[in-house]
Amino acid sequence: MDIKNLHKAKKNKADEFYTLYKDIENEIKGNYDSQLENKIVLMNCNDGFDSNFWSYFHQNFSYHKLKKIIGISYQNDKSACKIEYTGGNDANIYDACITKLSRNGNFSSKESTEILKGADLVVTNPPFSLFRDYINHIVEHKKDFIEMVEGVKSIKI
């Protein structure tokens with residue numbers, strides 16, 4: 001995707017960019033191995049079990065020697081869920097603990113911010129129209145991050 005399409009998407013508030021599993025694997029595997037070891041990785045703009053980020057980090061949990069992965073997906077006008085995995089059956093992406101949240105999972109909500117505070121690293125594809133607010137929120141809480149938007153990567157780790 002070229003930058004003109006990203007600007008058009010921002011103007012139209014077209015936030016649904018999905019990062020391919022292969023792109024996540026190409027960026028992460030081998031490039032961040034030592035930085036991921038024994039870390040809690042938060043995917044706070046996630047689509048639950050349908051997320052390629054969730055699939056990648058779940059299936060490569062042991063490879064990266066992770067401590068925990070957490071996914072939160074925004075649910076607009078209903079309660080969201082937090083999904084957590086601390087090891088077990090890496091191949092089964094549904095092997096996870098599911099906790100219903102009291103709010104919709106917005107990344108800046110008090111509930112999501114408390115979850116963020118317990119994470120070491122954020123890896124996700126944030127809503128494009130809120131990208132600046134999202135990055136500011138992550139930086140404000142002094143979290144390392146790998147943000148992947150199709151064709152654009154902002155990395156601080």
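Helices and strands are taken here as DSSP runs, of at least four residues for helices (H or I) and at least two for strands (E), numbered from the N terminus. On this basis the protein, a predicted model, contains seven helices and seven strands. Read from the N terminus, the order of elements is α-α-α-β-α-α-β-β-β-α-β-α-β-β. The chain has 157 residues, of which 43% are buried. Among contacts with a separation of 6 or more, 63% join residues 24 or more positions apart. The exposed surface of the protein amounts to about 8,500 Å², and 46% of this area is supplied by carbon and sulfur atoms.

In soluble globular proteins, nonpolar side chains tend to be buried together. In the present model, the largest nonpolar core comprises 21 residues. Within this core, the residues with the most contacts are I28, L36, W54, F57 and I69. Two or more residues each come from α2 (21-28), β1 (40-43), α4 (52-59), β3 (81-85), β5 (121-124) and β6 (144-149). The most is given by α4, which provides four residues. Apart from this core lies another, of 15 residues, including I72, A80, L116 and I135.

Two residues of α4 were examined individually. For W54, with neighbours within four places in sequence left aside, the contacts are M43, N46, G48, F49, I69, I70, G71, I83, E84, Y85, I93 and A96. S55 is also placed in helix α4. With a relative accessible area of 11%, S55 falls under the 20% limit and is therefore buried. Beyond four places in sequence, the contacts of S55 are Y21, F49 and I93. F49 and I93 thus appear in the contact list of W54 and in that of S55.

Helix α2 also contributes to the largest core. Its buried residues are I24, E27 and I28. These residues span an arc of only 85 degrees around the axis, so they lie on the same side of α2. I28 is, in addition, one of the residues with the most contacts inside the largest core. After α2 comes G30, which has a positive phi, near 90 degrees.

Strand β3 is paired with two other strands. With β2 (residues 68-72) the pairing is antiparallel and extends over four bridges; I72 has K82 of β3 as its bridge partner. The pairing of β3 with β4 is likewise antiparallel, with four bridges, and here E84 is bridged to C97 of β4. Because four of its five residues are buried, β3 is largely enclosed by the rest of the structure.

The model holds zero disulfides. A disulfide is a covalent bond between the sulfur atoms of two cysteines. The accessibility of two cysteines was evaluated. C81 has a relative accessible area of 33% and is partly exposed. The value for C97 is 44%, so C97 also counts as partly exposed, the range being 20% to 50%.

Two buried loop residues, N44 and F107, were considered together. N44 is located in the loop between β1 and α4. Its relative accessible area is 3%, and N44 is therefore classed as buried. Although N44 and I115 are 71 residues apart along the chain, their C-alpha atoms are separated by 8.9 Å. Outside the four places on either side in sequence, N44 is in contact with I72, G105, F107, V122, T124, Y134 and I138. One of these contacts, I72, is a member of the core of 15 residues.

F107 occupies the loop between β4 (97-100) and α6 (110-117). The relative accessibility of F107 is 7%, so this residue counts as buried. S73 and F107 are separated by 34 residues in sequence and by 8.8 Å in space, C-alpha to C-alpha. Not counting residues up to four places away in sequence, F107 touches N44, C45, S112, T113, P127, L130, D133, Y134 and H137. Y134 is listed among the contacts of F107 and among those of N44.

Technical notes. Residues are numbered from 1 along each chain as its sequence is written. This is a predicted model: local features need pLDDT of at least 70, side-chain atom pairs count only at pLDDT 80 or more; totals for chains, interfaces and linings use all residues. Side-chain values use heavy atoms; hydrogens and water are left out. A disulfide is a pair of cysteine sulfur atoms within 2.5 Å. Buried means under 20% relative accessible area, exposed over 50%, partly exposed in between (1.4 Å probe, protein chains only). A nonpolar core is a set of buried Ala, Val, Leu, Ile, Met, Phe, Trp, Tyr and Cys residues joined through side-chain atoms within 4.5 Å. Contact means heavy atoms within 4.5 Å. Accessible areas come from the Shrake-Rupley method with a 1.4 Å probe; for residues, only the protein chains shown count as cover. Two strands pair if DSSP finds at least two bridges between them. The arc is that of the directions from the helix axis to the C-beta atoms.
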